[in-house]
Each structure stands twice: as C-alpha cells, then as structure tokens.
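Let us walk through a protein model step by step, beginning with its overall division and then turning to the places where its parts meet and where empty space remains. Please keep the sequence and the structure in view as you read.

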Amino acid sequence: MSSNIIVGTPVLSEAAELYRKHGLALKTVVLFDENTRRLFGDRVIGTLEEQGFRLLELSVPARETSKSFSSAYRLYGSMIEGGVDRSWNLLAVGGGVVGDLGGFIAASYYRGLPVVQCPTTLLAMTDSSIGGKVAINHPLGKNLIGFFHMPELVLIDPSFLSTLPRREVFGGMAEVIKYGFIADRDFLEWLEKHFDRITALEEPFISEAVRRSAFIKADVVEKDFRETTGLRATLNFGHTFAHGLEKLAEYRHIRHGEAVTIGMACALCLSHNLGYLSVDAMRSGLELISRFRFPKGLLERRFLMHSAEALLENMFSDKKKLDSKLRFVLLKKPGEAFLLEEDVEDREVLRAIEDARRFFSEGNTIG
Ligand SMILES: NC(=O)c1ccc[n+]([C@@H]2O[C@H](COP(=O)([O-])OP(=O)(O)OC[C@H]3O[C@@H](n4cnc5c(N)ncnc54)[C@H](O)[C@@H]3O)[C@@H](O)[C@H]2O)c1
Ligand SMILES: [Zn+2]
C-alpha cells in the first residue's frame, strides 16, 4: 500500500508515467471543490493535458454537505453525459470532503472505477486519502453510506498546503501528532522538536511530517484492513472524546482536528489515571498538545463551558448505542497504543475530562 503513496513537488508532473506504471488509462474525471478548483484547477488541468490526459472536470461546493446522495447523483449524471465508462478513472483533488465523495462515486459508478487521490489539506494528506474508506453522509449520521475502495495512487504534493488556512493546518496537525502517540516514539520526539517549523509549513519539515504520517497510517491499515484485530482502531486515539465534542458543537462549530486535540488530552489523562501511562509521559504529551492554537474563545465555548457529564452523554453516538459501550484507545507509553477491551467506569471518564479541563484552563500543568 505504501508503494502507492508518492510524496513530491510537483507530483502531478509525473502523473502520466505513474498512471501507466499502475495500469491506469489517461482518461480521468477530475473532481474539485470550488476552492481547490479556483486555487489549483488551471494548474492541475494544464499539467495533465500537457501529458496527454483526456479529462472531464467536475466540481462541488466546498462544504461537508457535498458528501451527499444528491451531489453524487448529479455527478453521475455529468459523467454519463460526458461518456465516462469503465475504462476511465477518477482523480479527487481536495480535502477529505472531495476525497470521500470522489472515492464514493468511483466505487459505485459503473460498478467501480479506479480512484486516485490528490489530497490538498493536511488532514487529507495524512489521514483521509489513505486507507480506502470512502463515504457520504446520511441525515441520520456522518459517513454511514460507503465502501472500502482503495486508491490506486495517492499523489501528495505538500506545496499545495501553502494556501491552507492556519486553522486547517492545526486541524491536520492533530492527526500527525496522533500517529506519533500511537505508533512511533522517534517520530513523536521529532515532532516535539520541530512543531513550530512544521506548522509554519517549512521544508523539509512539513514534507517529512506528511510522509511519515501517511506511511504510518498505510502500515496500520495494511495490517488490519477490516478492523478486526484492534490495530486499526488505535487510529481512533482521542476520537471517542472528540466525537462527543463534535456532537455538542453540532458538527459545525469545531473542526474535527480541534476536537481530536482536546480528545487526545482527555485520552492521555485517562491512560494515566487507569494506570497504563506514567505521569511523566502524560505530562510531556500534554505539553505537546499545549502548543496547538485554537481560534479565540473556542476552547471556552466548545469545551470548558460544558460539564463533563454533558460531554460524556454526547460521546455515545447512535451507532455505538447499539451496544451502548464506549471504547477507548489508551497509551501504554509514548508510541504505543492499544484498544482497551474492558469497560471504563463513567466516573473514570468524567475524571479524565475534568483533568483535561484543568489542563486547558490552568496554564497547562497537570498531574
Ligand atoms: N475517509 C477517511 O478515512 C476519513 C478520515 C478522516 C476524515 N474524513 C473526512 O474528511 C472530511 C474532512 O476533510 P478536510 O478536513 O480535508 O476538510 P475539507 O475537505 O472540507 O477541506 C477544508 C477546507 O479547506 C479547503 N481547501 C482544501 N485544500 C485547500 C488548500 N490547499 N488551500 C486552501 N484551502 C483548501 C476546502 O475547500 C475546504 O473549504 C470529513 O468529511 C471527514 O468525514 C475521512
Ligand atoms: Zn480523525
């Protein structure tokens, strides 16, 4: 899987060669959202046309609601009218929204076209474009309708990040740090050392952070594709708490990565409180988290203002209510995570949330 992930600048100038090597025709539906179309559209289309690609260009509004049946339906129509058949493939140029929607369309159109991901947000480069999960949303829940549809290629050009708003950079950075916590202590130490350079998108730091994150995700997914051994589940470190925060904010007022950042602080506290993680490891983890920057007032409004009980209640998503148990990924030590099989008592969850609240409100010291 990692061999299909190419990180480089400008990666699309080698597209034709890479496509041929991977048995892909130079007939491609290129899907953008309106921002990536405006920012990179001409460049991407021009580069591909120069290399002899035949293209059908499509785009969707830049918002989460584009991951819907109605936009998929509209795009299928354009593809049928454009003469797209099974010999074509689809290139998704954008963040996770475009990647998930593009992957969904590719997986279903004509019983499946190959998909190539060209992620343009830090979150998409390090997380959503890798691993083959593609989905649209249903009014009753996010990402409920979808497929496992592995990308034939993931073409990552970190120079696309230069236009990304700071908030999105930190959002993606949450997942980057997550990989250090769950899988790679050396990487974690490297991230501690270069955090500011990475978030300033300085080279070679940003490319290295993207490359190592993407490879960790690919490796985890490869070893546990269908989430049977608990390994892939470790990618959800901090996410049980994060989902509660996202739900409390009605999925609108907090970015996923911001919720994950707070969620990882809770998960570090829980790991320590339950006796798995040393106090020193917890503290250094929290110190790294203290370097994240949130929009003014966000922590107060979206986390500190809520009671721990309210957050706990919202951590039960409808999906998980089926067995009404929360599952937690904990750390044993930096770089080593596991999915806790046992149930965690509510009072421990509440205590971890309270500890994290104290950390975020009292100048980041705890323990
Ligand atoms: N499939 C998976 O495994 C997986 C994993 C995590 C998240 N996701 C999904 O990913 C989505 C979130 O992805 P996201 O955070 O990338 O959000 P996004 O796709 O909404 O992108 C965020 C914003 O940045 C803009 N943008 C994209 N690239 C840009 C660039 N280079 N410069 C400036 N602006 C740019 C987009 O137009 C958008 O407005 C969610 O729908 C989530 O469910 C999927
Ligand atoms: Zn995530």
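The domain assignment divides the protein chain into domain 1, which covers 2-159, and domain 2, which covers 165-361. Before going further, bear in mind that this is a predicted model, and that the values given below were computed from it. If you mark the C-alpha centre of each domain, the centres of domain 1 and domain 2 turn out to lie 28 Å apart.

How do these two parts meet? On one side of the interface, 18 residues of domain 1 take part, and they are in contact with 28 residues of domain 2. The size of an interface is often given as the accessible area lost when the parts come together. Here domain 1 and domain 2 bury about 1900 Å² between them, and 68% of this area is on carbon and sulfur atoms. Within the area that domain 1 buries against domain 2, Leu122, Thr126 and Phe148 supply 30%, which is more than any other three residues.

The interface also holds interactions between charged and polar groups. Between domain 1 and domain 2 the count is 2 salt bridges, and the rule finds 5 residue pairs in polar contact across the interface, with both residues of each pair at pLDDT 80 or more. A salt bridge that you can look for in the structure joins the side chains of Asp127 and Lys217, with a distance of 2.7 Å from N to O.

We can now turn from contacts to empty space. Rolling a probe the size of a water molecule over the atoms shows where empty space is left. How many cavities of 30 Å³ or more does the structure hold? There is 1 such cavity, and the largest cavity contains about 30 Å³ of space. Its lining is made up of Gln117, Ser128, Ser129, Ile130, Gly132, Lys133, Val134, His149 and Pro151, and these residues divide into 3 nonpolar, 5 polar and 1 charged.

Open space can be examined in a similar way. The second largest pocket holds about 170 Å³ of space, and among the 12 residues that line this pocket, the closest to its centre are Phe292, Arg293, Phe294, Leu299 and Phe360. Sorted by class, the lining of the second largest pocket comprises 6 nonpolar, 3 polar and 3 charged residues.

Methods:
Residues numbered from 1 in each chain as written. Chains lettered and ligands numbered in written order. Predicted model: local features only at pLDDT ≥ 70, side-chain atom pairs only at ≥ 80, totals over all residues. Heavy atoms only, no water. 1 Å grid on protein atoms, 1.4 Å probe; cavity = no way out; pocket = protein on both sides within 12 Å on 5 of 7 lines; lining within 4 Å. Points joined across faces, edges and corners; volume = space filled by probe spheres on them. Nonpolar A, V, L, I, M, F, W, Y, C, P; charged D, E, K, R; others polar. Domains from an automatic or database assignment. Contact = heavy atoms within 4.5 Å. Buried area = accessible area lost by both parts, 1.4 Å probe. Salt bridge = Lys/Arg side-chain N within 4 Å of Asp/Glu carboxyl O. Polar contact = N/O pair within 3.5 Å; in protein donor to acceptor, adjacent residues only side chain to side chain.
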